[in-house]
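Dear colleague,

Please find below the structure that I am handing over to you. My findings on it follow directly afterwards.

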Amino acid sequence: MSAPAGAPRPLLKVCGATSPEEAAAVAPRADLVGLWYGVENGARDLTRTRLTAVADAVRTAGRAEPVLVTFLHDAEQISAAARAAGVRWIQLHAYQPPAAVAALRRAMPDTVLVKAVHVLDGACVERPFLTAYARAGADLFLVDTATRGGAVGSTGHRVPAAALESLLPALPRPFVLAGGLSEADAPGRAFAAHPGYRGVDIDNAARTDGGPLDPVRVAALDRAWTGTSAAAP
């Protein structure tokens with residue numbers, strides 16, 4: 001299925017750039033590049049100084065926007081890092097409560113706030129709080145998987161089709177889908193017909209053998225998920 005007529009062009013987000021060189025290589029073929037900050041024990045977590053340098057590289061190298069991806073709850077700490085790096089998108093990727101979203105919205109009223117929600121054992125953990133997140137100021141939901149071992153984000157596990165079908169009618173904001181996606185998943189993606197669909201968030205499939213983000217892999221993902229056939233000038 002294709003996206004509904006008049007729907008915005010789907011977004012491609014690739015996640016986990018760790019150097020200016022890596023970010024610059026993929027920014028021409030992505031819409032969003034995720035930068036980890038405040039991801040405790042995260043293999044791709046950045047210092048604030050490094051976050052600023054990589055965010056600058058994203059902005060200057062292509063069409064992409066840098067996205068601060070964090071497990072932090074403290075709005076002051078998150079907003080200070082985002083302002084220092086000039087980041088206009090923030091993705092709250094852990095189990096932050098609606099009050100944390102509201103505090104960050106007050107601190108950064110013009111920022112695009114993405115709230116990740118997690119599917120575990122076929123059900124969305126945050127489902128009772130979806131409306132509260134929207135009222136608190138979330139602009140988008142990112143639907144991802146969690147594991148029984150406590151892992152969230154970059155797990156490589158797909159969201160089960162039945163769980164996604166059940167969740168989508170309950171989402172009060174548009175959504176981006178994550179969870180083990182590759183370019184092979186793009187044909188016949190039924191969820192793209194949903195009016196709230198805004199794109200995909202991909203990590204593992206944007207790399208070769210778990211290495212840095214690969215511009216060749218990202219170009220393939222761009223063609224498959226957004227229909228862009230050539231690099232942006």
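The notes below deal with one strand and its neighbours, and then with the aromatic pairs. Please bear in mind that this is a predicted model.

Strand 2 and its surroundings

Strand 2 covers residues 32–36, and 5 of its 5 residues are buried, so the rest of the structure largely encloses it. In a regular strand, side chains point alternately to one face of the sheet and to the other. Both faces of strand 2 are covered: one side carries Leu32, Gly34 and Trp36, the other Val33 and Leu35, and all of these are buried.

Strand 2 has parallel partners in strand 1 and strand 3. With strand 1 (residues 11–15) it shares 3 bridges, and the two run parallel; here Val14 is located opposite Val33 of strand 2. With strand 3 (residues 65–70) the pairing is also parallel and extends over 5 bridges. Trp36 has Val69 of strand 3 as its bridge partner.

The connections between these strands are helical. Helix 1 (residues 20–26) forms a right-handed β-α-β unit together with strand 1 and strand 2. Helix 2 (residues 48–61) does so with strand 2 and strand 3, and this β-α-β unit is right-handed as well.

Aromatic pairs

A pair of aromatic rings is described by how far apart the centres are and by the angle between the planes. The structure contains 4 aromatic pairs when rings are paired at centre distances within 6.5 Å. In one of them, Tyr133 and Phe141, the ring centres are 6.5 Å apart and the planes meet at 70°; since an angle over 60 degrees counts as edge-to-face, the pair is classed as such. Tyr133 and Phe141 are both buried.

Another pair, Phe175 with Tyr197, is tilted, with 5.9 Å from centre to centre and 55° between the planes. Phe175 belongs to strand 8 (residues 175–177) and Tyr197 to strand 9 (residues 197–202), so this contact ties together parts that lie 22 residues apart in sequence. Both partners count as buried because their relative accessible areas are under 20%: the value is 0% for Phe175 and 4% for Tyr197.

Which residues do ring pairs link into a cluster? They are Phe175, Phe191, Tyr197 and Trp225. The tilted pair described above, Phe175 and Tyr197, thus has both of its residues in this cluster.

With kind regards

Methods:
Residues are numbered from 1 along each chain as its sequence is written. This is a predicted model: local features need pLDDT of at least 70, side-chain atom pairs count only at pLDDT 80 or more; totals for chains, interfaces and linings use all residues. Side-chain values use heavy atoms; hydrogens and water are left out. Rings of Phe, Tyr and Trp (its six-membered ring) pair if their centres lie within 6.5 Å; planes under 30 degrees apart count as stacked, over 60 as edge-to-face and the rest as tilted. Buried means under 20% relative accessible area, exposed over 50%, partly exposed in between (1.4 Å probe, protein chains only). Helices (H or I, at least four residues) and strands (E, at least two) are DSSP runs, numbered from the N terminus. Two strands pair if DSSP finds at least two bridges between them. A crossover is right-handed if, with the strands pointing away from the viewer, the path from the first strand over the helix to the second runs clockwise.
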